[in-house]
Amino acid sequence: MTEAPHHIISYTKLTAVWGLLLLLTGATILVTRLDLGPYKILGALTIACVKSGLVIAVFMHMKYEERLLRILLFVTLVTLAIFIGFTFFDVLYR
Amino acid sequence: MNPSDHPPAVFTSFWNDTGKTGITSWIFSTDHKRIGLLYFWSVLGFFLTAVLLGLLLRIELMAPGRTIMGPETYNALFTVHGAIMVFLFIIPGFPGAFGNLVMPIQIGARDVSFPRLNLFSWWLYMMGAAVIIISLFTGGGPPDTGWTFYVPFSARTGTNVSLAVFGVFIVGFSSIVTGVNFVTTIHRLRAPGMSWDRLPLFVWSLYATAWVQILATPILGITLVLIIAERVLGVGLFDPMKGGDPVMYQHLFWIYSHPAVYIMILPAMGVISEIIPVFSRKPVFGYKMIAFSSIAIAAAGSLVWGHHMFTSGMSDRAILVFSFLTFVVAIPSAIKVFNWVSTLYRGSISLEAPMLYALSFILLFSIGGLTGLILGAAATDIHVHDTHFVVGHFHYVIFGGSGFALFGAMHYWLPKFYGRRYAEKPALIAWGLMFVGFNITYFSMMVLGMKGMPRRYYDYLPEFAPLNLVSTVGSWILAVGLVLMLVNLIRGLRKGEPVGNNPWGGATLEWTIPSPPPTENFPEEPVVTHGPYDFSKAGTP
Ligand code: HEM
Ligand SMILES: [Cu+2]
C-alpha cells in the first residue's frame, strides 16, 4: 500500500476551525448554566465529541488518510462511545 | 523475487545465528522467536510462583480455623496469587509467548512489523513485574485488596497498593504495544497467497485479541491511575462524601477486566482450533464460523462487564441489559465448541499429549462457560455471588480452559523451536494426574460455593470441612502432575528425540521449515497455495 500524499491545509481553513473550536468551548460553558438535569452531561459530551472530531479530522489530517486507517479509528471511537453510553445507562436509571 | 539474486540459502538455526550465546544475545534480540522464548520462560516463572501461593492458600483452607497463616497473610496471598496469575501469567502468556513464536511464521513473514517495539514490550513487562515485586516488600507490604483493587478499601488500606497498581499499569502498556504490533503485522506482512480466508485460526484469534488489547487496556491504565489519585491526592472520585461514586470504579475496572478474560481465552481457543484438526486428520469444520466467532466474541464480550456488578447497587434496568448481553456471548462460544466437536466426528483421532489437552479443554471450558451462565443470570447470581462457586467457575475457565490450552501449545509447538521433543508416556501420565487433580480441586469448590461458603476468607464454618479437605488433596495431585509435565517437557527439549520439520503432520506454514527454524524463518518468501487445514498438501507452503 502507498502512503497518502502529503496534504497542506491553508491558513484560512486552519484559523476557521480554530475559531469554531473556541465557539464550541463557549457552548460548553453555556450548557453548564442551563438547567438540563442529567442531559447536561449528554450535551457537554456531544460538544466535546464534535470538538475532538474536528481536531482529529483537520489538525491530525485524518480527513486525508487512507480508508483503512479511517475505519480503524472510527471503530475505536465507537467503542469508547459505547463504553461511556452503557455506564450512563446505569447512572441514569439508578 | 529472482532466486539467483540470493546466495544459496544457509540454514542456521536461530539458536546460533549470532555466534554469541551470552544473555545479551537474548535480552537485546529483536528476533520474534527469541522474544517469544523470553516471554515464555518469564511467564512460566511467574506461573510457578503463583501456583506455589495457590497451594499455600489451599493448605490454609485444609481445615477450619488457623492452619498455617492468619487472615492478613491470607488476604495478601490471594491478592498476589490472583494478580500474578492474571497480569503476569495468562494475559501475556498467549500473545507474548506463543503469538510471538508462531504467528509471524504462520503468516509467512520474517518477523513482526515492529521488532524493536516487540522487544520493548518484553522490557515493559519485566519492568512492570519488577515494580510489582518491589511493592510486595516495601511500604505497607503486599496489597490485600484482591486482584480487583475495589474502592473504597483500596483507597484506604495501609498496604502498598499504589506501587503495585503502578506496576500493573506498566504491564498494561506492554500488552497494548503487543496488540498494536500484531494488528499491523497481520494486516501488512502476510505472504503472497495468504489471504484472510487462509489465515490459520490461531492467527485469527490473535487478531481479535489484539484489538481487545488495544481498545480495553487503556481504560484499565486510567482506572489504576485514578486509584493512585484517590490515595495520594484524595480527589474523591469514588467517594460519595465528596460527590464521587464507588460503583463507577467497578464500571471502569470491569470495562477492561471482562474483555481481559477474552484476552485470556480467545488465543486459547485459537490453539485448540489448530490442534484438533491436526490430530483428527480432518479439515476444521466451519472455518469461517470459527474465525467469525472470534471477532463476535471480542465485540459482544466488550458489552457485558456489568455482570460482575449485579449485587453492587447498579440500576435494575442496567442489570437486565447486562444479563441479556451475557447470554448473547454464549452463542459464539458455543459455535466454537460445536465446530470442534464436529471436526472430531469421523476423524482419524490420535490421542497424543497436545490432543489430550485440547480435548480436556473442550470439557473444562464448557463446564466453566455453563457455570458462567449461572452467574450471568441476575436471579441466580445473587445467591452465589462472592462464594467459592465463583472461584471454582473462573478456575475452570482460565485454568482448565486457557491454562490447559497453554500446556497443549507447549507440547505442540515447543518441539518446533527446540528441535527436540518430550517423551510421550510420562506426558500422558502427567496429563492424567492434572486432569483428575484439577477436577477434584475445583469441583469441590463449586459445591462448597453452592452451599454458601464465601470466597476470600481464611476460615469457614465446620460443616464445610470435609469438602475443603478433598479440594486441598486434589490440589496436591494437580501439583504433582504439573511438576511431572514440566520435568518431562524440559528434559525432552534438551535431550529428547530430534524432530523433523513436521512431527505432527500439520498443514500450516510453521511445519514447512526446519526445527528449530532459521533466523529468517523462510529461505525466501513463501507463496501460499492452500488453506491451513488442507492436509493433502501438508509440508508445502
Ligand atoms: C495449583 C493451581 C492453583 C491453586 C491451588 C489455586 C487456588 C486458589 C485459591 C485457594 C484461591 C482463593 C480462594 C478464596 O477466595 O479464598 C484462588 C484465587 C484466585 N486464583 Fe487460583 N489457584 C491455582 C491456579 C490459578 C490459575 C492458573 C489462575 C489463572 C490463570 C488462577 C487465578 C486466580 C484468581 C484470579 C483468583 C482470585 C483472587 C482474588 O480473589 O482476588 N489461579 N486460587
Ligand atoms: Cu465478566
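The following conversation looks at ligand 1 and the residues around it in a predicted model.

Visitor: What makes His81(B) and His395(B) count as donors to the iron atom of ligand 1?

Guide: Each of the two histidines coordinates the iron atom through its NE2 atom at 2.0 Å, and since a donor is an N, O or S atom within 2.8 Å of the metal, both NE2 atoms qualify.

Visitor: Where in chain B do these two histidines lie?

Guide: His81(B) belongs to helix H3 (residues 71-106) and His395(B) to helix H13 (residues 388-418), so the pair ties together parts that are 314 residues apart in sequence.

Visitor: Why is the site of the iron atom called octahedral?

Guide: The iron atom has six donor atoms, with angles of 85 to 180° among them, and six donors count as octahedral if opposite ones are over 155 degrees apart and all others between 65 and 115, so the site is given that name. For six octahedral donors the ideal angles are 90 or 180 degrees.

Visitor: How do you know that Trp147(B) and Arg455(B) make polar contacts with ligand 1?

Guide: A backbone N or O atom of Trp147(B) is 2.9 Å from an oxygen atom of the ligand, while a polar side-chain atom of Arg455(B) is 3.0 Å from an oxygen atom of ligand 1; a polar contact is a pair of N or O atoms within 3.5 Å, and therefore both pairs qualify.

Visitor: Which helix gives the most residues to the shell around ligand 1?

Guide: H3(B) gives the most, with seven residues, and by class the shell has 16 nonpolar, six polar and three charged residues.

How values were computed
Residues numbered from 1 in each chain as written. Chains lettered and ligands numbered in written order. Predicted model: local features only at pLDDT ≥ 70, side-chain atom pairs only at ≥ 80, totals over all residues. Heavy atoms only, no water. Donors = N, O, S within 2.8 Å, 3.2 Å for Na, K, Ca; no water. Tetrahedral: all angles 85-135°; square planar, octahedral: opposite > 155°, others 65-115°. Helix = DSSP H or I, 4+ residues; strand = E, 2+ residues; numbered from the N terminus. Polar contact = N/O pair within 3.5 Å; in protein donor to acceptor, adjacent residues only side chain to side chain. Nonpolar A, V, L, I, M, F, W, Y, C, P; charged D, E, K, R; others polar.
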